[in-house]
Amino acid sequence: MREYFDFAYVYDKLTENVNYSHLADYIEKIFKKYFDNKPELILDLACGTGSMANILSDRGYDMIGVDSSYDMLNVAMEKRGDRNILYLNQDAGEFELYGTVDAIVCLQDSINYITDEDSIDGLFWGADNYLNPGGLFIFDANTLYKFENVLSNNTLTYDDDEIFYSWENEYIPEDSLHNMYLTFFVKEDDVYHRFDEHHVQRYYSEEFLDRYIHKYGFEKLGVFAERTFEKPHKSSERIFYILRKNV
């Protein structure tokens, strides 16, 4: 089964706990802190079903969304309404744009889903190539603490009138890889349909990512605990990287 083929259509239901509006507030705080003028054109890389792109579009930004899942983009285009958002079906590790943008955001630990170094290199190459001088590349990543202490070997479940799922987690320290085995039962009329997903994330240390930050000449403006401008602490589960393309 192609990854996200069925998952795309239940993704928004399963991420109802994500406050995209508050996340957008934080992104705008970053813009105000590090831009002299409000950026105009933003790329939402690995945009999923377009929730963040919609919010930022409503706040006056021109938006491009890129995602490797055609099915995620189908949902995004259904949600787009009359908003002027361009969606492109491309992999984050080898994306191409028609021109440059003022900022790139890659959120919800999307970088952890890129598990090979060539694609990480391609991600940073693309960010460098398609950012305007002085533009920002903002991404977040799951921490080792989260993989080892929050997710690892735990099984999570969700149940409501329409969906039941179980989510088994396995972290492999020697490979820095985290396996997620998901089983879904989705109700349609009076019948539940089952589908299974296997997703993989990779843990990336700051030292590892610094290699690519330096390779492509980005200025590292900050590495912060989630949605703050404070340094990460030992139990931080997600951290934000804010990079600037040199003028």
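Helix α6 lies across β7, β8 and β9 in this predicted model, and its direction is at about 120° to β7. The helix covers residues 144–151.

Now for the sheet underneath that description. Four strands make up an open sheet, ordered β6-β7-β8-β9 and paired in the antiparallel sense. The edges are β6 and β9, each of which pairs on one side only. From one strand to the next, the twist averages 15°. As a bit of background, strands of a sheet pair through backbone hydrogen bonds, either parallel or antiparallel.

Here are the residue ranges of the strands:

| Strand | Residues |
|---|---|
| β6 | 155–159 |
| β7 | 163–172 |
| β8 | 177–188 |
| β9 | 191–202 |

If you want to look at one pairing in detail, try β8 with β9: these two strands run antiparallel and share 12 bridges. One handy spot to click on is F184, whose bridge partner in β9 is F195.

Back to the helix, and to one residue in it. L151 sits in α6. Is L151 buried or exposed? Its relative accessible area is 8%, so L151 counts as buried, the cut-off being under 20%. What does L151 touch, once neighbours within four places in sequence are left aside? The contacts are K146, W167, N169 and H178.

For a longer view, pick D82: D82 and L151 are 69 residues apart along the chain, and their C-alpha atoms are separated by 39 Å.

Methods: Residues are numbered from 1 along each chain as its sequence is written. This is a predicted model: local features need pLDDT of at least 70, side-chain atom pairs count only at pLDDT 80 or more; totals for chains, interfaces and linings use all residues. Side-chain values use heavy atoms; hydrogens and water are left out. Buried means under 20% relative accessible area, exposed over 50%, partly exposed in between (1.4 Å probe, protein chains only). Contact means heavy atoms within 4.5 Å. Two strands pair if DSSP finds at least two bridges between them. Axes are lines fitted to C-alpha atoms, for helices over the stretch in contact, and angles run from 0 to 180 degrees between N-to-C directions.
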